[in-house]
Amino acid sequence: DEDISKGERVKKWMNYELLHKMEEFEEGIDNSLLQLAIEGSVFRKTYYDPVKKRNVSEYVSAQDIVVPYTTRVTIEEVPRKTHVLNLSVNEVTFRAKHGIFDKDAVELSIKGRVHITPDIIQKASQDVQGVQQTQSYDDVEIETIKVLEQHCWKDLDGDGITEPYIITVDYTTQQVLRITSRKTYDTF
């Protein structure tokens with residue numbers, strides 16, 4: 001009888017969390033089911049978001065998940081899985097200013113980028129020729145930083161036992177932006 005009432009309380013709380021606190025949950029499930037039909041694989045990532053200060057559950061494309069090629073276990077049992085994120089410079093800076101990412105690593109990451117792209121070369125060529133292009137809203141490109149969020153097991157304290165961690169690295173500069181303990185509810 002006590003277990004049944006406890007189960008009812010947990011059910012009510014979880015329904016409240018999913019439907020009222022996690023604003024993106026219902027729409028995210030709908031999008032995930034649509035993507036399942038299109039892509040054939042769907043991943044949902046549930047974690048505590050320190051920016052939003054609440055639990056979130058989001059769709060992650062199979063194209064943004066990297067696991068060892070020869071893996072023969074389920075996604076939950078893989079010892080290392082990486083989520084490829086493309087964050088805007090503003091998002092990275094925000095996370096650094098709020099202590100989520102290492103400030104020194106972010107400064108090195110942003111300053112260490114070389115911004116020579118074919119678009120810049122083309123623009124310089126057009127400037128030399130006196131050609132001016134109009135710019136629409138769609139032409140504005142927001143610079144993104146590719147960040148690798150690796151969910152892995154590491155022995156960082158040297159006791160011979162691996163523990164679950166999330167290690168976030170800037171792909172281009174290989175700077176470690178964050179290392180945090182992975183909780184059991186931070187899962188794909």
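Which helix holds L33? L33 is found in helix 2, residues 25–39. The model described here is predicted.

**L33 and its surroundings**

L33 is exposed, because its relative accessible area of 56% lies over the 50% cut-off. Y59 is 26 residues away from L33 in sequence. In space, the C-alpha atoms of L33 and Y59 are 9.8 Å apart.

**Aromatic rings in helix 1**

How many aromatic pairs are there? The count comes to one. W13 and Y16 form this pair, and its geometry is tilted. The ring centres stand 5.5 Å apart, with 40° between the planes. Both residues belong to helix 1, residues 2–21. They are three residues apart, about one turn of the helix. W13 is partly exposed at 48% relative accessibility. Y16 is also partly exposed, with a relative accessible area of 38%.

**Charges over rings**

Two lysines are placed over tyrosine rings, as tabulated here.

| Charged residue | Ring | Distance to ring centre |
|---|---|---|
| K45 | Y47 | 5.1 Å |
| K146 | Y171 | 4.7 Å |

**The second largest pocket**

K45 and Y47 appear again in the second largest pocket, among the residues closest to its centre. This pocket has a volume of about 600 Å³. Its lining counts 30 residues, and P50, R95 and E149 are also among the closest to the centre.

Which elements supply the lining? Strand 1 (43–49), strand 2 (54–60), strand 4 (80–88), strand 5 (144–154), strand 6 (163–170) and strand 7 (176–181) each give at least two residues. Helix 3 (89–97) does so too. Strand 4 has the largest share, with five residues. By class, the lining divides into 13 nonpolar, seven polar and 10 charged residues.

**The five-stranded sheet**

Strand 4 also takes part in an open sheet of five strands. The order is 3-4-5-6-7, and the pairing is antiparallel. Which strands stand at the edges? Strand 3 (65–66) and strand 7 do. Each has a single partner strand, so one side of each is left without a neighbour in the sheet.

Strand 3 and strand 4 run antiparallel and are joined by two bridges. Across this pairing, I65 stands opposite H83 of strand 4.

**In brief**

Strand 4 thus links two parts of this account: it gives five residues to the lining of the second largest pocket, and it pairs with strand 3 in the sheet.

Key. Residues are numbered from 1 along each chain as its sequence is written. This is a predicted model: local features need pLDDT of at least 70, side-chain atom pairs count only at pLDDT 80 or more; totals for chains, interfaces and linings use all residues. Side-chain values use heavy atoms; hydrogens and water are left out. On a 1 Å grid over the protein atoms alone, a cavity is a set of points where a 1.4 Å probe fits but cannot get out, and a pocket is an open set with protein on both sides within 12 Å along at least five of seven lines; lining residues have an atom within 4 Å of a point. Grid points are joined across faces, edges and corners, and a volume is the space filled by probe spheres set on the points. Helices (H or I, at least four residues) and strands (E, at least two) are DSSP runs, numbered from the N terminus. Ala, Val, Leu, Ile, Met, Phe, Trp, Tyr, Cys and Pro count as nonpolar, Asp, Glu, Lys and Arg as charged, and the others, Gly among them, as polar. Buried means under 20% relative accessible area, exposed over 50%, partly exposed in between (1.4 Å probe, protein chains only). Rings of Phe, Tyr and Trp (its six-membered ring) pair if their centres lie within 6.5 Å; planes under 30 degrees apart count as stacked, over 60 as edge-to-face and the rest as tilted. A charge sits over a ring if NZ of Lys or CZ of Arg is within 6 Å of the ring centre and within 35 degrees of the ring normal. Two strands pair if DSSP finds at least two bridges between them.
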